[in-house]
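Work through the exercises below with the sequence and coordinates open. Try each task before reading its solution.

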Amino acid sequence: MRTRLAALAVGVVFGLVLCWSRMADPDVIRSALLLEQSYLYLFFASAVLVAALGGELVRRQRRRALLAEAPVGWSRQRPQRRHLVGGLVFGIGWAVADACPGPIATQLGQAIPWALATMAGVVLGIVLFQRGETGETEPALDLVASVERSASEIHPSLVGSSSDAPA
Amino acid sequence: MFDEQLAWYLAGPALGLCVVACRLLFNGRLGVTGGFSEVITKLSRRSLDLDWRGWFVIGVLLGGTLFLLLSGGPTFHDYGWLTRTFDGFGGGVAIVAILFAAGILIGYGAKLSGGCTSGNGLSGVAMLSPAALVATATFFATAIAVSFLIEALI
């Protein structure tokens, strides 16, 4: 219950900030991608900086996550072909719709009818991918490198495709 | 207060803190597409027993609703370049078809590359994951190129 409420609360803040910063507005995204406005890039860079510094601080200060029986830490993945191809496919869709998954969710929350079409497409895209793949590319828990190695020795399904093995 | 765009130096760090919160609370990588996948997988098994990613993404949607209530209305009505280009009779059908097709690319592409703008772009880059850096550089470069291409065609 505490996990659900905490995740819901973080999501509400995330969605509210996305709307407040106008990242749900397709014209704002479009002018950013046409390099007419610097807002998105400054916004993105400052978010990454805070996330990186905060994440490192959490990793150094805490051995366990507050609401999960999991040690704090993560492994870094080597790039594979799918990261390049997936990024290419995603980038085309993002530029056409001028919305990515977070803003699409907030558009739905704002009762913007167009978002139903985009969301239906996203769901189909995810389902098409899931039908063809077995591993989870975005696991709920990040396994630490050493843990990941030992986990994969116990059972490969524990780590899914988050290891460096080909998907 | 909500009728003006929040300054980037407040909005960016606030978003970054959401990433840190997911690390601290769940040792999780914040990602909206991961949340969508969780909801889709569980619903297909006729279950509502969502893990944190599913509840997070429901929160993101409700964050949009909260913004709507606080600001008194959505920040936009027409859908960007699509409305301007496909105006008039039958235009709505074209826009729906294009958004649906773009959505497929967004969903499939995000899963293939292991995350979207939040999962790879925000969380993955902050984790200094080389895979996320490659995916993020690729989707940003592609989206900029495609936007200029659309601008040249319309």
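Two residues are in contact if their C-beta atoms, placed from the backbone, lie within 7 Å. This is a predicted model: local features need pLDDT of at least 70, side-chain atom pairs count only at pLDDT 80 or more, and totals for chains, interfaces and linings use all residues. Residues are numbered from 1 along each chain as its sequence is written, with chains lettered from A and ligands numbered from 1 in the order in which they are written.

**Exercise 1.** List the contacts of Leu122(B), leaving aside neighbours within four places in sequence.

*Solution.* Start with chain A: Leu122(B) touches Ala47(A), Val48(A) and Ala51(A). Then take chain B: the partners there are Leu15(B), Val19(B), Leu30(B) and Thr117(B).

**Exercise 2.** Find how many residues each chain gives to the contact between chains A and B.

*Solution.* Chain A gives 101 residues and chain B gives 99. Next, sort the chain A side by class: 66 are nonpolar, 23 polar and 12 charged. Here Ala, Val, Leu, Ile, Met, Phe, Trp, Tyr, Cys and Pro count as nonpolar, Asp, Glu, Lys and Arg as charged, and the others, Gly among them, as polar.

**Exercise 3.** Describe the secondary structure of chain A.

*Solution.* Count the elements: chain A has seven helices and zero strands. Helices (H or I, at least four residues) and strands (E, at least two) are DSSP runs, numbered from the N terminus. Then check the contacts in chain A with a separation of 6 or more: 51% join residues 24 or more positions apart.
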